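Me: Please take me through the empty spaces and the packing in this model, giving the reasoning before each value or name.

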Amino acid sequence: MIASVTGKVTAIAPDGAVIEVGGVGVLAHCTPSTLATLRVGEEARLATSLVVREDSLTLYGFATDDERAVFELLQTASGVGPKLALAMLAVHSPNALRMAVASADLKALTQVPGIGQKGAQRIVLELKDRLGTPEETVNAALNGDRRAAVWREQVHSGLVGLGYSSKDADEAIAAVEPEAEADIAAGRQPQIAALLKAALRVLSVR
């Protein structure tokens, strides 16, 4: 198993990054929050999980070992493959997923594209005692002000990492802010992946 890769970031795309390791460019599929921590030309370390299929070898990269561990645990639930597990982590942080599963928050789980009501129920049933208990400090960290700061920071970093200027990133963030604020007002965590895509749409029509 390839547990991690360390090297220079040579390319960043909306769904992954290329890390040069020993002269070889390694493609790792990542969540938007992980991509937001990377910069082209800078050294980076990703915790990784290699998914082996008969016709492919696919590497998934994560900013933390905890994120990788949750990614792998999610796949032990029936019907959850690597793509869906990555989508879950694109919408929710590891601790937010722990909270959703521990409290049987089906609404939070069905926010993930590809998860319906029955799928959410199955995930709760099969993973409730496996993902671990969320830290008590998570509730405090997810207050409105913190969530607002986090989504802006991650979307801004993601856009700059894709080559946009800081000014362009700020303008795109201002355009998608109502969508994020609506989530916060409803008590939901803003979906970074959706906001990043919306910001890219704003920039593409300028």
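**Cavity, pocket and packing**

Reply: In this predicted model, the largest cavity is lined by Ile 12, Ala 13, Leu 35, Ala 36, Ser 157, Gly 158, Gly 161, Leu 162 and Leu 196.

Me: Which element gives the most to the lining of the largest cavity?
Reply: The elements that give two or more residues to this lining are β1 (4-13) and α8 (144-161). With three residues in the lining of the largest cavity, the element that gives the most is α8.

Me: What is the volume of the largest cavity?
Reply: The structure holds one cavity of 30 Å³ or more. The lining of the largest cavity divides into six nonpolar, three polar and no charged residues. The space enclosed there has a volume of about 40 Å³.

Me: How many residues of the lining of the second largest pocket are charged?
Reply: About 500 Å³ of space lies in the second largest pocket, and its lining takes at least two residues from each of β5 (56-62), α3 (82-91) and α10 (192-204). This pocket is lined by 20 residues, with Asp 15, Pro 32, Ala 90, Ala 193 and Lys 197 nearest its centre. By class, the lining of the second largest pocket has 13 nonpolar residues and four polar ones, and the number of charged residues is three.

Me: Are α2 and α4 parallel or oblique to each other?
Reply: The axes of helix α2 (residues 65-74) and helix α4 (residues 94-102) come within 9 Å and cross at roughly 40°. Angles under 35 degrees count as roughly parallel, and 65 to 115 as roughly perpendicular. The crossing of α2 and α4 falls in neither class, and the two helices are therefore oblique.

Me: Which residues in α4 are met by those in α2?
Reply: The contact of α2 with α4 has four nonpolar, no polar and three charged residues. From α2 come Asp 66, Glu 67, Val 70 and Leu 74, and the residues that they meet in α4 are Pro 94, Leu 97 and Arg 98.

Me: How many residues apart in sequence are the parts that the pair of Tyr 60 and Phe 71 ties together?
Reply: The count comes to two aromatic pairs. One of them, formed by Tyr 60 and Phe 71, has 5.1 Å centre to centre and 40° between the planes, and is tilted. Tyr 60 lies in strand β5 and Phe 71 in helix α2, so the parts tied together by this pair are apart in sequence by 11 residues.

Technical notes:
Residues numbered from 1 in each chain as written. Predicted model: local features only at pLDDT ≥ 70, side-chain atom pairs only at ≥ 80, totals over all residues. Heavy atoms only, no water. 1 Å grid on protein atoms, 1.4 Å probe; cavity = no way out; pocket = protein on both sides within 12 Å on 5 of 7 lines; lining within 4 Å. Points joined across faces, edges and corners; volume = space filled by probe spheres on them. Helix = DSSP H or I, 4+ residues; strand = E, 2+ residues; numbered from the N terminus. Nonpolar A, V, L, I, M, F, W, Y, C, P; charged D, E, K, R; others polar. Axes fitted to C-alpha atoms, helices over the stretch in contact; angles between N-to-C directions. Parallel < 35°, antiparallel > 145°, perpendicular 65-115°, else oblique. Contact = heavy atoms within 4.5 Å. Phe/Tyr/Trp six-rings, centres within 6.5 Å; stacked < 30°, edge-to-face > 60°.
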